[in-house]
Amino acid sequence: MTQNRHARRAAEAIAAKPANRARGEYKLTAGDKVFTLCLSLNAMAEIEDELEIDGLQQLQTALADLSTRKIGVILAALARGGGHEDATADDMRRLNITLQEGIAAISGAFAAAGAFGDAAAQSAQGPAPGN
């Protein structure tokens, strides 16, 4: 029975994959649910308001000390930025994903948007062709 639960959990595991890189989008798949994550200006404003921060520098500090509340808030704002207007922080916290998977999706979305510079964007895109 435990093996079935593990197999089901593995089948529902998130696969955070690039969506439309030109738009700075990142795809988050959790089970049968697919979310396009995008760090739009509105998504950034929502994150700043919810986390009571101002700008990317303070955001980097907030990201260094993540809680499940922060992960839910950030994923929901990114999902709304990607067109999922009804996404809530509670919805995101209820996804059957691991902590590492949630953090990877947030990192991928920020990197895809170029939020923390070229190194982060390159990290999200993977190795350069031919490497």
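Where is E25 found? I looked this up before anything else, keeping in mind that I'm working with a predicted model. E25 sits in strand β2.

**E25 and its strand**

Next I asked whether E25 is buried or exposed. Its relative accessibility is 12%, so E25 counts as buried, the cut-off being under 20%. I also checked for a side-chain partner: E25 and R23 are joined by a polar contact of 3.3 Å between their side chains.

Then I went along the whole strand. β2 covers residues 25-30, and five of the six residues are buried, so the strand is largely enclosed by the rest of the structure.

**The hairpin**

Which strand does β2 join? I found six bridges to β3 (residues 33-38), with the two strands running antiparallel. I noted two of the pairings: L28 stands opposite F35 in β3, and A30 has K33 as its bridge partner. Together β2 and β3 make a hairpin with two residues between them. In that turn I picked out G31, which has a positive phi of about 65 degrees.

**From the turn to L95**

G31 came up again when I looked at L95. The C-alpha atoms of L95 and G31 are 8.4 Å apart, although the two residues are separated by 64 residues along the chain. L95 belongs to the loop between α5 and α6. With 9% relative accessibility, L95 counts as buried.

**The largest pocket**

L95 also led me to the largest pocket, since I found L95 in its list of lining residues. I put the volume of this pocket down as about 150 Å³. The elements giving two or more residues to its lining are α4 (68-81), α5 (89-94) and α6 (99-112). Which of the elements gives the largest share of the lining? That is α4, with four residues. Among the lining residues I jotted down T68, I71, G72 and L75, then M92 and R93, and further along T98, L99 and G102. Sorted by class, the lining has six nonpolar, four polar and one charged residues.

**Helix α6**

I followed α6 from the pocket. α6 has 14 residues and spans 20 Å from its first C-alpha to its last, close to the 20 Å expected at 1.5 Å a residue. Which residues of α6 are buried? My list reads E101, G102, A105, I106, G108, A109, F110, A111 and A112. So G102 turns up twice in my notes: G102 is buried in α6, and G102 also lines the largest pocket. Just after α6 I marked G114, which takes a positive phi of about 70 degrees.

**E52, another positive phi**

I had G31 and G114 down with a positive phi, and then I came to E52. E52 has a positive phi of about 55 degrees although it is not a glycine. I flagged this because most residues other than glycine have a negative phi. Where does E52 lie? I found E52 in the loop between α2 (41-51) and α3 (56-63). Is E52 buried or exposed? At 72% relative accessibility, E52 counts as exposed, whereas the glutamate I started from, E25, counts as buried at 12%.

Note on methods
Residues are numbered from 1 along each chain as its sequence is written. This is a predicted model: local features need pLDDT of at least 70, side-chain atom pairs count only at pLDDT 80 or more; totals for chains, interfaces and linings use all residues. Side-chain values use heavy atoms; hydrogens and water are left out. Buried means under 20% relative accessible area, exposed over 50%, partly exposed in between (1.4 Å probe, protein chains only). On a 1 Å grid over the protein atoms alone, a cavity is a set of points where a 1.4 Å probe fits but cannot get out, and a pocket is an open set with protein on both sides within 12 Å along at least five of seven lines; lining residues have an atom within 4 Å of a point. Grid points are joined across faces, edges and corners, and a volume is the space filled by probe spheres set on the points. Ala, Val, Leu, Ile, Met, Phe, Trp, Tyr, Cys and Pro count as nonpolar, Asp, Glu, Lys and Arg as charged, and the others, Gly among them, as polar. Two strands pair if DSSP finds at least two bridges between them. The expected span of a helix is 1.5 Å times one less than its number of residues. A polar contact is a pair of N or O atoms within 3.5 Å; within protein, one must be able to donate a hydrogen and the other to accept it, and residues adjacent in sequence count only if both atoms are side-chain atoms.
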